[in-house]
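These are my notebook entries, written while I looked through the model one topic at a time.

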Protein chains: 2
Amino acid sequence: MKDELLLENIERYIHLEKEEANLLYSLLTPRSLKKKAFLLRQGEICKTENFITKGCLRMYSIDEGGFEHIVMFGVEGWWVSDLFSFFTETTSEYYIDALEDTELLQISKPDLERLYEQVPKFERFFRILLQNAFVAQQRRINQNLSFTAEQRYLDFIKKYPQLEQRIPQKQVAAYLGFTPVFLSMLRKKLSRQ
Amino acid sequence: MKDELLLENIERYIHLEKEEANLLYSLLTPRSLKKKAFLLRQGEICKTENFITKGCLRMYSIDEGGFEHIVMFGVEGWWVSDLFSFFTETTSEYYIDALEDTELLQISKPDLERLYEQVPKFERFFRILLQNAFVAQQRRINQNLSFTAEQRYLDFIKKYPQLEQRIPQKQVAAYLGFTPVFLSMLRKKLSRQ
DNA sequence: CTAAAAAATTAAACTGGTTGAAGAAATTAT
DNA sequence: ATAATTTCTTCAACCAGTTTAATTTTTTAG
């Protein structure tokens, strides 16, 4: 049932025969994460790509001053992992933890490479995923450069209306790049108008 | 001779037989761009991936206030294009122009797909390219969130020392996300210490 | 259900970075 | 070479967003 989420996700870009889908599932490992549990910590190597079937993750760094900065959120239907660490097998600078109880499907690097070899189509699929992620990031860089804090917030709630309801405001602030105090002032100001 | 730059670039990730390299070159078109000439304008579709053999390009947006924001630079050995526009064949929000007289090798989308089909290794190569670009962007997002303007500038000159010499300071400011005036003040302050 | 902890609000003082304007320096075109 | 244009610098007034800290509200854990 929730497996269908992954197949839907994939079939948007490539068509899979039943055996190919079966091969994929034979290589995936389900995993549950309780709220606040870590999937990855700074200094560890990210060993898997992770597809979220339920729940919500965030990937973030902690700066010298101890402040958290969120580089990405993930919810149902999204892939989340530190691709740099995963691909290069070097230690990660990021943490990934669960903002809600979360269910994942995980694939390891050797298994992913096996998959590419046996069904080259998958290499295409993961390239397309990466393209989409790349484009979303580019958009974010551009918006961080050209938008004010207020514009970025309005764009965020427009783009992820569900997400804003699900997660604490301080996480939104840590994603948008300003303080929770400032976000609170912003919201007040916007609600008055 | 400068063709070798591309081969070196590719051979870092995949090994090419002579025929495969020949096929690649048969699909590449050289192009020259005079300084200030446009490779892409907002509203156009980005028809090619572009490998720089000489010179320097920037990809940027112009906001409502008329300010330019640089999402990426490219110099010799780099690939530059609006991947979103290229992949989806939709109009671009960006401009790409030359900061110096520039020489390119271009490949069109149909030719790239021909290349993937005939030599699937290339799909791997371009996926790796995309991975690297993705990681660089993620790093930039994280730095924009966690670093001050001064830290970002110091990181920039450390990471691209050559580039800072080659391009006007105002372009550096448009990349880092602050004003040329502020950059000038920063440089003065840093030179005093 | 209650206590404890975490998150959100408010206000005031403050700071990093902007704005506008004017002159100096460097680059470009003729 | 010279004029025209673009870029860089400097300064002072200004504003968007931060900081600190106290209070209230919401969430979590037992």
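Before I looked at any sheet, I wrote down what pairing means here: two strands count as paired if DSSP finds at least two bridges between them. I also noted that this is a predicted model, so I speak of what was computed from it.

Entry on the sheet. With that definition in hand, I looked up strand 3 (residues 48–54) and strand 8 (residues 102–108) of chain A, and found that they pair in the antiparallel sense over 6 bridges. Within this part of the chain I picked out A:Lys54, which stands opposite A:Glu103 in strand 8 of chain A. I then asked in what order the strands of the open sheet in chain A are arranged. The 4 strands follow the order 1-8-3-6, with antiparallel pairing. At the edges I found strand 1 (29–33) and strand 6 (79–80) of chain A, each of which pairs on one side only.

Entry on the domains. The domain assignment of chain A gives domain 1, covering 3–146, and domain 2, covering 148–193. Taken over C-alpha atoms, the centres of these two domains of chain A are separated by 25 Å. Where they meet, I counted 12 residues from domain 1 of chain A and 9 residues from domain 2 of chain A in the contact. On the domain 1 side, strand 4 (56–62), strand 5 and helix 5 of chain A each supply at least two residues, and strand 5 of chain A gives the largest share, with 5 residues. By class, this side of domain 1 of chain A has 6 nonpolar, 3 polar and 3 charged residues.

Entry on the two chains. I next looked up how many residues of chain A are in contact with chain B, and the result is 25 residues of chain A against 25 residues of chain B. Strand 5 (68–75), helix 3 (83–88) and helix 5 (121–146) of chain A each supply at least two residues of the side that touches chain B. The largest share of that side, 16 residues, comes from helix 5 of chain A. Sorted by class, the side of chain A that touches chain B has 11 nonpolar, 9 polar and 5 charged residues.

Entry on symmetry. Which turn lays chain A on chain B? A turn of 180°, with a shift of 0.0 Å along the axis, does this with an RMSD of 0.0 Å, and that is the relation of a two-fold axis. I closed the entry by noting that the same surface serves both copies, since 100% of the contact residues of chain A recur in chain B.

Terms used. Residues are numbered from 1 along each chain as its sequence is written. Chains are lettered from A and ligands numbered from 1 in the order in which they are written. This is a predicted model: local features need pLDDT of at least 70, side-chain atom pairs count only at pLDDT 80 or more; totals for chains, interfaces and linings use all residues. Two residues are in contact if their C-beta atoms, placed from the backbone, lie within 7 Å. Ala, Val, Leu, Ile, Met, Phe, Trp, Tyr, Cys and Pro count as nonpolar, Asp, Glu, Lys and Arg as charged, and the others, Gly among them, as polar. Domain bounds come from an automatic or database domain assignment. Copies are superposed by least squares on the C-alpha atoms of residues with pLDDT of at least 70 in both.
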